[in-house]
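Trainee: I've got the coordinates loaded and a coffee in hand. Can we walk through this one together?

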Amino acid sequence: MAARRIQTVILAILAVAIAGGVAWWQIRRMPESAPTAGANLALGGPFSLTEHSGRAVTDADYRGRFLLIYFGYTFCPDVCPTELQVMAQVMDRLGSEGERIQPAFVSVDPERDTVPHMAAYVAQFHPRLIGLTGTPEQVAAVARAYRVFYRKSAGSDPAYYTMDHSSFFYLVNPDGSFATVFRGGTSPDDMAQAIRSRLSARG
Ligand code: NI
């Protein structure tokens, strides 16, 4: 009987370990595998950053609106400008419905992305787009909350370095909870349509 009990305990431990391993694997895999179906993932959370206007803000300042967030850096040669144009097109397609959305560009290069630099940059894309930057610690914290990967590219010139970073759009609900994620490369039409259906679902 004792042997059977030990066997049961071992099986139970194994089951928990496997379930835990699967959950961890799914979370690790998320950025590569989820185009829009991240609603069951706990992403996002509190942050403290500085808007391109110079105003110190937290996530709580955006309650009541959907946040559409893209992480990148202003010196990005191609991906960020392309995706911020997509974001601007999404806002244009949403028209007046888009007033419930606050599009935001969060820097992962606080060293170079100063507040004035962010102000000049976001103005090139859309009048409603805000730029958010901060101390290296603040940026690291918000990137961690959204599981954004970023680092200085290995071997790039220290004076003119580039950054490697993940490319996703994050939609946050008006109550601050995470809504969904869109993979970089999503078309403006697809993203606008998906956002529109969420807007109508939330009245
Ligand atoms: Ni970029």
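Trainee: Let's start with the sheet: in what order do the seven strands come?

Mentor: Keep in mind that this is a predicted model. The sheet is open and its pairing is mixed. Reading across the seven strands, the order is S2-S1-S5-S4-S3-S8-S9.

Trainee: Which strands stand at the edges of that sheet?

Mentor: Look for strands with a single partner, because one side of each is then left without a neighbour in the sheet. As for the twist, neighbouring strands are turned by 30° against each other on average, direction ignored. The edge strands are S2 (56-58) and S9 (178-183).

Trainee: In what sense do S8 and S9 pair, parallel or antiparallel?

Mentor: Strand S8 covers residues 168-172, and five bridges join S8 to S9. Within this pair, Phe168 sits opposite Arg183 of S9. The sense is antiparallel.

Trainee: Which helix lies across S3, S4, S8 and S9?

Mentor: There are two helices to consider here. H4 (residues 136-145) lies across S1 (48-51), S3 (66-72) and S4 (101-107), at about 115° to S1. The one you're after runs at about 170° to S9, and that is H5, residues 188-201.

Trainee: What does Ile195 touch, leaving aside its neighbours within four places in sequence?

Mentor: Ile195 is one of the residues that touch the most other members in the largest nonpolar core, which has 52 residues. The largest share of this core, seven residues, comes from helix H2 (residues 79-94). The contacts of Ile195 are Leu68, Val90, Leu94, Ile101, Leu171 and Phe182.

Trainee: Which residues coordinate the nickel ion?

Mentor: In sequence, the donor residues follow the spacing C-x3-C-x84-H. Both Cys76 and Cys80 are buried. The donor atoms sit at 2.0 to 2.2 Å, and they belong to Cys76 (SG), Cys80 (SG) and His165 (NE2).

Trainee: Arg63 and Asp59 form a salt bridge, so is Asp59 buried or partly exposed?

Mentor: The closest N and O atoms of the pair are 3.0 Å apart. Arg63 has a relative accessible area of 40%, so Arg63 is partly exposed. Asp59 has 13%, and since buried means under 20%, Asp59 is buried.

Trainee: How many residues apart are Arg93 and Asp189?

Mentor: Their side chains meet in a salt bridge, 2.6 Å from N to O. The pair links distant parts of the chain, with Arg93 in helix H2 and Asp189 in helix H5, and the separation is 96 residues.

Technical notes: Residues numbered from 1 in each chain as written. Predicted model: local features only at pLDDT ≥ 70, side-chain atom pairs only at ≥ 80, totals over all residues. Heavy atoms only, no water. Donors = N, O, S within 2.8 Å, 3.2 Å for Na, K, Ca; no water. Buried < 20%, exposed > 50% of the residue type's maximum accessible area, 1.4 Å probe, protein only. Pairing = 2+ DSSP bridges. Helix = DSSP H or I, 4+ residues; strand = E, 2+ residues; numbered from the N terminus. Axes fitted to C-alpha atoms, helices over the stretch in contact; angles between N-to-C directions. Contact = heavy atoms within 4.5 Å. Core = buried A, V, L, I, M, F, W, Y, C linked by side-chain atoms within 4.5 Å. Salt bridge = Lys/Arg side-chain N within 4 Å of Asp/Glu carboxyl O.
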